[in-house]
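Q: Please take a close look at one part of this model, and explain the reasoning step by step. Please also place that part beside its surroundings.

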Amino acid sequence: MKIQSIQFGMLRVPLKSPFKTALRTVEQVEDVILIIETDNGCRGYGSAPATAVITGETHGSIIEAISKVIAPRLIGRSIEDLNDLTNRVQHSIVKNYSAKAAVEIALYDLFGQLYDAPVYKLLGGGDNVITTDITISVDYIDKMVEDALAALELGFETLKIKVGKDPALDVERIKAIHAAVNDRALIRLDANQGWTPKQAVRVLRTLEESGVQLELVEQPVCGDDIDGMKYVNERVDTPVMADESSFGPRQAMDVIINRAADIINIKLMKTGGISNAIKVADLSGTFGAKCLIGCMLESSIGVAAAAHVAAAKSAEITMVDLDAPSLCAFDPVQSGVTFNHSEITISDAPGLGITGIEGLEMLDLKVVGT
Ligand code: MG
């Protein structure tokens, strides 16, 4: 099975309601879709969203990095040689993690098709049903409480609350949600780099002292400020998770060894795909740290790939935050992964099992062999 061509498309999916964090507001999911075609007619699918404020990538940069730099190094190569292919992807260009992730997702999809097995089974197997939390966007207190209660009605047992806009108001937000939820769900906080180290300690200690038990707090301080996160981690009981501070294996190791966080948030769009996501999970496990697997606001292709990783690496990845499909008005992708509110189920379909993408707009761009 040899790689013959690589094509590009765009997929746009409206959100049920605007997604608001300390950094940005998003109205719709908009992904670059990648289709790798092989000489025997198989098609592998990958995808990547533009998250300029997180990875520094735009749709244009993703398409350029793949079409000009990564794709020419893959054309004509065999899918059998997956490790060689992922090495080529990782070493073809520095950074550009989401571009690399899109390519790796499509390569693993084809690897699964080659051996007629779902990706998670080729990664070692596991339980094919996983449970995700759901994100509650940062907003007025009444709206956040209303959204939290609506999520409970849908059966979610873990809520990830976005905060980080105003420390004093954040405390009020969390207290109100905690009181309304009344032990019916676990609460995770994601501050999206919104606090200073001292603000983070004050907010978390205030919550701890008022009896609000949090499962974890995600990225309380600026992603570059590893010392600041360590300062927070040393002074609060709430487990701290690194998101924007940890991209690939090297950064994850720095965070863990420095004890700047107890948990690593793995996202394929930050690690550069599946091969490094597995390394981060294994490294974390080696050092006794836990992982959560997350996603960007992205289409269900990338999220399906993350679900396969989560199922296969469940000993290390003990928490799942793959709620992007639940936040979309509908799921235009028919794949082997079914997203039903908190429950994610993976079928035995080969690879990622993608059979159709409704509304996919193909771009007039195709990389072929010379
Ligand atoms: Mg986050």
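A: Cys328 has a relative accessibility of 6%, so Cys328 counts as buried; the cut-off for that label is under 20%. The model is predicted, and the values here are computed from it. The sulfur of Cys328 is 9.3 Å from the closest cysteine sulfur, which belongs to Cys295, and that is too far for a bond. A disulfide would need the two sulfur atoms within 2.5 Å. By this rule the count of disulfides is zero. Cys291 is likewise in no disulfide, its nearest cysteine sulfur being that of Cys295, 16 Å away. At 0% relative accessibility, Cys291 counts as buried.

The part to look at closely is helix α6, residues 167-181. With 15 residues at 1.5 Å a residue, α6 should span 21 Å, and its end C-alpha atoms are 21 Å apart, so the two values agree. At the N-terminal end of α6, Asp166 acts as a cap, with a side-chain oxygen 3.2 Å from the backbone nitrogen of Ala168. After α6 comes Asn182, which has a positive phi, near 50°.

The sides of the helix come next. An α-helix has 3.6 residues a turn, so residues three or four places apart point the same way. In α6 the buried residues are Asp170, Val171, Arg173, Ile174, Ile177 and Val181. They cover an arc of only 160° around the axis, which means that they lie on the same side of α6. The face turned away from this buried side carries Ala168 and Ala179, both exposed. As for partners, the buried residues of α6 pack against helices α5 (141-153) and α7 (197-209) and against strands β6 (158-162) and β7.

Strand β7 leads from the helix to the metal site. A magnesium ion is coordinated by Asp190 (OD), Glu218 (OE) and Asp243 (OD), at 2.2 to 2.4 Å. The spacing of these donor residues in sequence is D-x27-E-x24-D. Asp190 lies in β7 (residues 186-190), whereas Asp243 is in the loop between β9 (240-242) and α9 (249-257), so this pair ties together parts that are 53 residues apart in sequence. Asp190 counts as buried because its relative accessibility is 1%, and Asp243 counts as buried because its value is 2%. In short, β7 is packed against by buried residues of α6 and holds the magnesium donor Asp190.

Definitions and conventions: Residues are numbered from 1 along each chain as its sequence is written. This is a predicted model: local features need pLDDT of at least 70, side-chain atom pairs count only at pLDDT 80 or more; totals for chains, interfaces and linings use all residues. Side-chain values use heavy atoms; hydrogens and water are left out. Donors are N, O and S atoms within 2.8 Å of the metal (3.2 Å for Na, K and Ca); water is not among the atoms, so sites may look incomplete. Helices (H or I, at least four residues) and strands (E, at least two) are DSSP runs, numbered from the N terminus. Buried means under 20% relative accessible area, exposed over 50%, partly exposed in between (1.4 Å probe, protein chains only). The expected span of a helix is 1.5 Å times one less than its number of residues. The arc is that of the directions from the helix axis to the C-beta atoms. Contact means heavy atoms within 4.5 Å. A polar contact is a pair of N or O atoms within 3.5 Å; within protein, one must be able to donate a hydrogen and the other to accept it, and residues adjacent in sequence count only if both atoms are side-chain atoms.
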